[in-house]
Amino acid sequence: MFKNAPFRFSDFESIVLKYGTGDDLVNQFDSSTGRYQYLNVRDSLVIDTVRLRKDDFQYLHGKATQLGFWNLPDDMTSGDATGGQPAPRFYLQYNYKEKSKEITLDADFDGNPKMRDVAKSIVDEVMRVINDVRDR
């Protein structure tokens, strides 16, 4: 079953994660370069290098497969904010040799709640793995 899956681990190349508020996605991670930039608690931009291991990639690929990441719509944004602060936005991209899968998710997405929860779970796992690797 996994051998013929649309996205195979053997073709997995990199992950890109960006997050912030509105269109300002200042927090970014790219596994192909290892560059991780984020705002710390003092709103200072920190640039670090974080290298994922093969088992980290395997875990994240497996988690995406398990949760059905490939079936999520690419655009899960809520559109224009109605007054007030824009909602947190997440952009996640899994890159493979011949194709990629990307989603853009707003925290206040009011579409299908199951899809929102799956997308948020995958984003949370990627962030957790990045932080675990950074703490090693």
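**Figure 1. Aromatic pairs in the predicted model.** The structure contains 13 aromatic pairs; the model is predicted. Ring pairs join Phe7, Phe9, Phe12, Phe57, Phe69, Trp70, Tyr94 and Tyr96 into a cluster. Three members of this cluster, Phe7, Trp70 and Tyr96, appear in the views below.

**Figure 2. The stacked pair of phenylalanine 7 and tryptophan 70.** The ring centres of phenylalanine 7 and tryptophan 70 are 4.4 Å apart, and their planes meet at 20°, a stacked arrangement. Phenylalanine 7 belongs to the segment before β1 (12-21), and tryptophan 70 to the loop between α1 (54-67) and β5 (75-76), so the pair ties together parts 63 residues apart in sequence. Phenylalanine 7 has a relative accessibility of 11% and therefore counts as buried. Tryptophan 70 is also buried, at a relative accessible area of 16%.

**Figure 3. The edge-to-face pair of tryptophan 70 and tyrosine 96.** Tryptophan 70 and tyrosine 96 form an edge-to-face pair, with 5.8 Å from centre to centre and 75° between the planes. The pair links distant parts of the chain, 26 residues apart: tryptophan 70 is in the loop between α1 and β5, and tyrosine 96 is in strand β6. Both tryptophan 70 and tyrosine 96 are buried.

**Figure 4. Lysine 99 over the ring of phenylalanine 7.** The charged end of lysine 99 sits over the phenylalanine 7 ring, 4.9 Å from the ring centre.

**Figure 5. Confidence of the model.** The mean pLDDT of the protein is 90, and 93% of the residues score at least 70. Among the elements, strand β6 (residues 88-96) has the highest mean pLDDT, 96, and strand β4 (residues 45-49) the lowest, 94.

Terms used. Residues numbered from 1 in each chain as written. Predicted model: local features only at pLDDT ≥ 70, side-chain atom pairs only at ≥ 80, totals over all residues. Heavy atoms only, no water. pLDDT = per-residue confidence, 0-100. Helix = DSSP H or I, 4+ residues; strand = E, 2+ residues; numbered from the N terminus. Phe/Tyr/Trp six-rings, centres within 6.5 Å; stacked < 30°, edge-to-face > 60°. Buried < 20%, exposed > 50% of the residue type's maximum accessible area, 1.4 Å probe, protein only. Lys NZ or Arg CZ within 6 Å of the ring centre and 35° of its normal.
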